[in-house]
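I opened a fresh page for a structure I hadn't looked at before. My plan was to start wide and then follow a few residues by name.

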Amino acid sequence: AQHSPVTPDLLMTPSDQGDVDLDVDFAADRGNWTGKLDFLLSCIGYCVGLGNVWRFPYRAYTNGGGAFLVPYFLMLAICGIPLFFLELSLGQFSSLGPLAVWKISPLFKGAGAAMLLIVGLVAIYYNMIIAYVLFYLFASLTSNLPWEHCGNWWNTERCLEHRGPRDSNGVLPLNLSSTVSPSEEYWSRYVLHIQGSQGIGQPGEIRWNLCLCLLLAWVIVFLCILKGVKSSGKVVYFTATFPYLILLMLLVRGVTLPGAWKGIQFYLTPQFHHLLSSKVWIEAALQIFYSLGVGFGGLLTFASYNTFHQNIYRDTFIVTLGNAITSILAGFAIFSVLGYMSQELGVPVDQVAKAGPGLAFVVYPQAMTMLPLSPFWSFLFFFMLLTLGLDSQFAFLETIVTAVTDEFPYYLRPKKAVFSGLICVAMYLMGLILTTDGGMYWLVLLDDYSASFGLMVVVITTCLAVTRVYGIQRFCRDIHMMLGFKPGLYFRACWLFLSPATLLALLVYSIVKYQPSEYGSYRFPAWAELLGILMGLLSCLMIPAGMLVAVLREEGSLWERLQQASRPAMDWGPSLEENRTGMYVATLAGSQSPKPLMVHMRKYGGITSFENTAIEVDREIAEEEEESMM
């Protein structure tokens with residue numbers, strides 16, 4: 001079918017080209033990492049977050065102890081490493097944020113929008129957790145920890161200091177099940193003040209101390225991302241390395257406690273019969289998926305500030321394996337202390353083991369009160385959580401700011417700091433509902449639904465769009481251009497089939513095994529559940545919405561429109577002229593050589609016999625390359 005002739009870019013007068021040149025002026029302004037280790041440490045800081053401390057150890061312990069490491073590392077190989085590398089490659093090759101990167105196939109730009117929505121929701125509640133950590137951090141600056149004893153105004157008569165008088169057998173005289181530890185009442189009745197709320201529908205009043213902690217958390221984050229990666233790239237030298245120092249101190253302290261081995265046995269004794277159930281494999285995949293932060297756009301954003309030939313292949317392995325080792329180490333630090341605690345209280349380890357906020361804000365602080373120098377250890381523990389959480393939070397915000405400024409570079413890039421400030425203020429205001437008496441209910445709702453099935457759909461879409469629509473051959477050729485070698489069979493097999501299939505299995509599993517959210521004994525009402533599901537669906541719906549917009553922008557029949565919208569944009573490729581080789585030579589707006597004619601002649605048809613020959617040659621080269629790849 002012969003289309004009406006389209007004027008190739010070069011034959012246009014500058015006025016026809018519209019605003020294209022404006023972007024070119026500002027492209028240099030985007031900035032890069034300033035130091036050698038900035039990128040690596042930012043990635044480590046982003047991947048190693050709170051989940052490594054409070055999710056992994058508990059997951060391992062409930063899913064077969066040491067045996068859990070088998071599915072864990074297998075899933076790391078199948079859907080951790082390949083997806084991590086895919087996202088880094090996309091970002092580094094194009095030097096664009098998660099929205100603009102979809103020049104690779106404008107049809108799927110909705111996936112970028114979905115990423116932003118998910119990251120926005122996560123950033124709102126993640127900073128609230130950092131606010132709780134700050135609250136405890138300040139509370140630890142005393143000679144006696146406030147959650148050590150009963151008898152404060154927030155305690156009830158059910159409160160029992162579990163180190164009560166023991167009878168001669170060393171057994172506690174009271175029935176423990178009906179009592180609560182002072183640390184639990186401190187958390188729920190003083191910090192959260194959850195008794196002031198009837199449920200998620202009546203959140204009650206704002207807790208001013210939490211409100212101020214949240215403000216402080218946002219101020220810290222804003223100051224760190226003020227100059228983009230120039231400033232956050234320096235802060236991570238501290239926030240990414242310091243947790244390791246503290247973790248080591250807690251580890252040594254924990255392992256030397258009496259009863260520590262009891263806890264570590266619980267954590268690591270392999271129970272291989274667990275490996276026969278699908279649940280364990282799913283849990284392993286989920287753990288990998290969430291702890292690497294694939295699909296949030298953070299990796300893509302960080303990689304987009306790299307120079308074109310940075311060795312991200314090596315970095316992928318350093319970060320993913322480092323993340324796994326950190327999780328395992330954190331398990332030792334947590335479970336050795338839990339073992340000591342279970343010995344002190346005379347209850348089995350599984351009664352004190354918890355996951356999530358319950359571990360960080362109830363169980364571990366309670367264990368701290370039993371140690372000599374307790375405020376010091378408590379301060380260290382919460383300082384570790386603070387540094388672990390902060391650099392993940394930088395990444396979330398950097399992602400949002402970068403994505404939007406890359407969409408509107410002409411207006412926003414010069415005003416990036418102001419824009420970052422506005423986003424921080426807006427997210428602080430949205431997070432205020434989390435500082436109310438019933439804020440914890442909202443936090444649980446956000447945590448359960450914001451990045452659940454929506455995130456998987458986004459990652460599956462990204463994976464398929466890059467490998468099937470853009471083409472795995474072309475993608476491998478791009479990586480070859482960037483790193484000097486083509487990804488091997490392992491990566492290609494994972495990208496084409498294994499990773500999407502695993503994620504699809506995860507998605508199906510999470511829908512089939514769906515359980516409504518709860519917090520303790522509180523069950524969420526139906527409307528709240530619906531709200532949560534809609535939150536997840538909204539991010540999925542961004543993808544078809546984006547497709548609709550892309551198709552409406554094209555001309556022709558529906559099929560032609562789809563084909564046009566799925567092709568890479570004219571200026572897709574490396575952002576700097578000097579890195580544009582091969583098929584990308586001079587397809588940037590404003591470049592001064594006749595090459596775009598040849599590259600995009602496939603669309604237009606030749607003008608002279610010389611150009612037609614050039615197209616034939618181009619086509620032959622492409623065919624030869626594809627045959628050699630097979």
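**Helix α20**

I began with one helix, and a reminder to myself that this is a predicted model. Which residues of α20 are buried? I went through the helix and noted Gly439, Met440, Tyr441, Trp442, Leu443, Val444, Leu445, Leu446 and Tyr449. That makes nine buried residues out of the 11 in α20, which runs over residues 439-449, so I wrote "mostly covered" beside this helix.

Next I wanted to know what does the covering. I found helices α6, α7 (182-191), α16 (357-369) and α23 (526-553) among the elements over the buried residues of α20. Strands β1 (518-519) and β2 (522-523) are also part of that cover.

**The chain as a whole**

Then I stepped back. I have 26 helices and two strands in the chain. Of its 630 residues, 55% are buried. I also checked how far along the sequence the contacts reach: taking contacts with a separation of 6 or more, 80% are between residues 24 or more positions apart. The accessible surface comes to about 26700 Å², and carbon and sulfur atoms hold 65% of that area.

**The nonpolar core**

Which members of the largest nonpolar core touch the most other members? I got Tyr132 and Phe361, out of 199 residues in this core. Helix α6, residues 109-139, is the top contributor to the core with 23 residues.

I followed Phe361 a little further, skipping its neighbours within four places in sequence. Its contacts include Ile129, Tyr132, Val133 and Tyr136. I also listed Trp54, Ser183, Trp187 and Phe382 as partners of Phe361.

**Cysteines**

I looked for disulfides and found one in the structure. It links Cys150 and Cys159, with the sulfurs 1.9 Å apart. Why do I call this disulfide left-handed? The torsion about the S-S bond of Cys150 and Cys159 is about -80°, and that is why.

Are the two partners buried or exposed? Cys150 has a relative accessible area of 23%, so I put it down as partly exposed. Cys159 is at 12%, which is under the 20% cut-off, so Cys159 goes down as buried. Cys211 is in no disulfide, and its nearest cysteine sulfur belongs to Cys213, 9.5 Å away. Cys211 is buried too, at 5% relative accessibility. I added Cys424 to the page as another buried cysteine, with a relative accessible area of 5%.

**The annotated binding site**

I turned to the UniProt record, an unreviewed entry. Its "binding site" annotation covers Gly45, Val48, Asn52, Ser291, Asn323, Leu388, Asp391 and Ser392. These positions are spread over 348 residues of sequence, yet they cluster in space, with a largest C-alpha distance of 14.0 Å.

I picked two of them for a closer look. Gly45 sits in helix α2, residues 38-47. I counted Gly45 as buried because its relative accessibility is 3%. Leaving out neighbours within four places in sequence, I found Gly45 in contact with Ala240, Leu388, Asp391 and Ser392.

Asn323 lies in helix α14, residues 312-345. It is buried as well, with a relative accessible area of 2%. What does Asn323 contact, neighbours within four places in sequence aside? I noted Cys47, Val48, Asn52, Tyr72, Ser291 and Leu292.

**Gln564 and Arg474**

I finished with two residues from elsewhere in the chain. Gln564 is in helix α24, residues 558-566. Its relative accessible area is 26%, so Gln564 is partly exposed. The side chain of Gln564 makes a polar contact with the side chain of Arg567, at 2.7 Å. I also checked Gln564 against Arg553: they are 11 residues apart in sequence, and their C-alpha atoms are 9.8 Å apart.

Arg474 is in helix α21, residues 453-483. At 23% relative accessibility, Arg474 counts as partly exposed. Not counting residues up to four places away in sequence, Arg474 touches Pro568 and Met583.

Note on methods: Residues numbered from 1 in each chain as written. Predicted model: local features only at pLDDT ≥ 70, side-chain atom pairs only at ≥ 80, totals over all residues. Heavy atoms only, no water. Core = buried A, V, L, I, M, F, W, Y, C linked by side-chain atoms within 4.5 Å. Buried < 20%, exposed > 50% of the residue type's maximum accessible area, 1.4 Å probe, protein only. Helix = DSSP H or I, 4+ residues; strand = E, 2+ residues; numbered from the N terminus. Contact = heavy atoms within 4.5 Å. Polar contact = N/O pair within 3.5 Å; in protein donor to acceptor, adjacent residues only side chain to side chain. Disulfide = S-S within 2.5 Å. Areas by Shrake-Rupley, 256 points an atom, 1.4 Å probe, with all protein chains shown as cover. UniProt positions renumbered as here; feature names shortened; annotations may be inferred.
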